[in-house]
Amino acid sequence: MGGDTVPLFTPSIPHDEDSSLEHDQSQISTQLPTLLRGNNILSMQTKDDQLDVDNELIIGDFDEIESQYSSSALNVEIYRRRMNSVHREILESYDQLRVRSEKLDQAKRKILSYSPGAWIEQVGRMKLSDYDIPQTTSLILIGPKGSGKSSLINRISKVFEEDHFTPERAQVSCNSSGEDGTFFLHEYMILRKSNSFCLYDTRGLSDDPSDNIEMLKQWMSKGVRHGELVTRKSDASSLINRMRCKARQSFPRSRVIRMINFVIFVVDGLSVLQSIDGDDKQKDYDRVIKTAFNCPYLSYGDDKPVVVLTHGDLLSFADRVHVRGHLGNLLGIPSAKQIFDIPDRYDPVTELTITDMLHYCLEHADNNLPPKGLTVIKGHMSSVSAADIYFLAIMVIIVISAYLYQMYVHHRLEQQEPKNALEIVWHEIRHLWLVE
């Protein structure tokens, strides 16, 4: 499953894409013990399956290590061993994918048979009818600009399309502004003939964390709709006006609002690698994705989003392993189980990775469905505006005032004349206490 651009295991790789893919897949199984990254060698001992990683692959970013651990040799050794274990799991996951790719059709059929709520794990006395099951399970793609969200949607669609010559669905011409990226939320049903689940393409993350938090809060708490314009406080007024004009002319907004059931967090593998080894400006990529990923609105309790690593075909195989290990450590998730490496290619291993990723998302989406009634309450609370709260406060004051006046009249009729409202309230409470 290596890339085409950089030699993986041998100095030369066949130019034909199919033969190159077959060569790379066979090498994962037969030559997995030896991976090259520049002049650094990864070696796996066949006796006890222990992985030794030399130089940059594991200890390539000591600045990060020093920020998390003390300078003692013991802590560095602990970090080294932990990352060795992580990289070994990642390598094994690639090998398992190659073996399991023979059952790709079976995995695809399971996705095709999915319906919302079908994979709920019923706990205790809860039944399927006790959950608030949506008509369509909605998955949202979130990530920095250029991370490959639209391209990922095209690859996912191709996996399940009967006609592989069908034009790509997520096209730049209809869903983005050339220099600024996607501005409109766009819904894609997967499959086209079914409404079982859909993907939402979104605007890329900003360099400003506050902009991202506000945008993510809006989507996750109030839902999304096809064709909705996404703007930020930092956008220039001229840009907003131009996009609003475009929305009126050629991008009508749907009336259907969908609540998000799970999040797919998309990152560019090349940018992550540059962030690991680059200067402070390049390290901003890590900062942006870490801050957005840990936004509390994206998680369902302890269940964090799934991560998709794109553009892996531009990296060597060893770099892809390195990036996945780094992301798992950065985001606090299992690298081999919750980060899916999906390069820009179509082959059985990549298709199986896409299928596995969707299976993970749909299963977790079902298991995070709320009980009936909870969604309605949350929906009403999220739709309450500042004007509604002000009106409610006024009504409460009026009711309290009317009650106090009634108490005052009642005491006057009994020829008791307390000096103020507090005495009236105290007298009333004392009267009720004595009656009880």
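## A nonpolar surface patch

In this predicted model, Tyr-390, Phe-391, Ile-394, Met-395, Ile-397 and Ile-398 make up a nonpolar patch on the surface, with a joint accessible area of about 630 Å². Patch residues have over 30% relative accessible area and no salt bridge, and nonpolar side chains are joined within 5 Å; a salt bridge places a side-chain nitrogen of Lys or Arg within 4 Å of a carboxyl oxygen of Asp or Glu. Areas follow the Shrake-Rupley method with a 1.4 Å probe.

Ile-397 belongs to helix H16 (residues 386–413); helices are DSSP runs of at least four residues, strands of at least two. Ile-397 counts as exposed because its relative accessibility is 51%, exposed meaning over 50% and buried under 20%.

## Nonpolar cores

The largest nonpolar core (buried nonpolar residues joined through side-chain atoms within 4.5 Å) has 36 residues, and Ile-142, Trp-219, Phe-265, Val-267 and Leu-327 have the most contacts inside it. Several elements supply at least two residues each, including strand E7 (262–268) and helix H12 (317–331). Helix H11 gives the largest share, five residues.

Beyond four places in sequence, the contacts of Phe-265 include Ile-142, Ile-289 and Val-307; contact means heavy atoms within 4.5 Å. A separate core of 29 residues includes Tyr-114 and Phe-340.

## Confidence

The mean pLDDT (confidence per residue, from 0 to 100) of the protein chain is 77. Strand E2 (residues 40–44) has the lowest mean, 35, and strand E9 (residues 339–341) the highest, 98. Over residues 1–60 the pLDDT is below 50. Where pLDDT is low, predicted coordinates should not be read in detail.

## Basis

Residues are numbered from 1 along each chain, and side-chain values use heavy atoms, without hydrogens and water. Local features need pLDDT of at least 70 and side-chain atom pairs 80 or more, whereas totals for chains, interfaces and linings use all residues.

Terms used
Buried means under 20% relative accessible area, exposed over 50%, partly exposed in between (1.4 Å probe, protein chains only). pLDDT is the predictor's confidence in each residue, from 0 to 100. Patches are made of residues with over 30% relative accessible area and no salt bridge: like charges are joined within 9 Å, nonpolar side chains (Val, Leu, Ile, Met, Phe, Trp, Tyr) within 5 Å.
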